[in-house]
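User: I've got a model open and I'd like to learn how to read it. Can you walk me through it?

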Amino acid sequence: MTSSVVEPARIGPNAILRVAEALAARQLAAAPIFARAGLAPYLTAPPQRMVPETEVIALHRALRAALPPAASTAVRTAAAKLPSGRRSVPFKAKSSRASR
């Protein structure tokens, strides 16, 4: 009998990068949200390749847990609308706590 290991699907790094940009555009701290998702290293070394879908899921869960529903929805919507391939705001992590 053979066992097959199912690897998580992979998603482009923009799924993570755009969330950080949308947070910065709203002057919300990305650091506590990324830390909660276990993705803090991405704030200093953004992913350059496809990432496991589990990382994106964790980021969206952390976003919803850290922000009020309307703010979380606004950030996710804005992130989805940001163009690929260029940054609309400087990518820089804020060290302060996310605004609630």
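Analyst: Sure. Keep in mind that this is a predicted model. Start with the elements: the protein has four helices and two strands, and along the sequence they run β-α-α-β-α-α.

User: What share of the 100 residues is buried?

Analyst: Buried means under 20% relative accessible area. Here, 35% of the 100 residues fall in that group. As for the surface, the protein exposes about 6200 Å², with carbon and sulfur atoms supplying 55% of it.

User: Let's take one helix. What span should helix 4 have?

Analyst: Go by 1.5 Å a residue: the 13 residues of helix 4 (residues 69-81) should span 18 Å, and the end C-alpha atoms are 18 Å apart, so the two agree.

User: Which residues of helix 4 are buried?

Analyst: Those are S72, V75, A78 and A79. They sit on the same side of helix 4, because they cover an arc of only 135 degrees around the axis. The face turned away from that buried side carries exposed P69, A70, A80 and K81.

User: What covers the buried residues of helix 4?

Analyst: The cover includes helix 1 (14-25) and helix 3 (53-66).

User: And which residues have the most contacts inside the largest nonpolar core?

Analyst: That core has 23 residues, and the ones with the most contacts inside it are I16, V19, L23, I33, F34, L59 and V75. Helix 1, helix 2 (31-36), helix 3 and helix 4 each give two or more residues to this core. Try clicking on F34: leaving out residues up to four places away in sequence, F34 touches I16, V19, A20, L23, L39, A40, Y42, L43 and L59.

Conventions. Residues numbered from 1 in each chain as written. Predicted model: local features only at pLDDT ≥ 70, side-chain atom pairs only at ≥ 80, totals over all residues. Heavy atoms only, no water. Expected span 1.5 Å × (residues − 1). Buried < 20%, exposed > 50% of the residue type's maximum accessible area, 1.4 Å probe, protein only. Arc of directions from axis to C-beta. Contact = heavy atoms within 4.5 Å. Core = buried A, V, L, I, M, F, W, Y, C linked by side-chain atoms within 4.5 Å. Areas by Shrake-Rupley, 256 points an atom, 1.4 Å probe, with all protein chains shown as cover.
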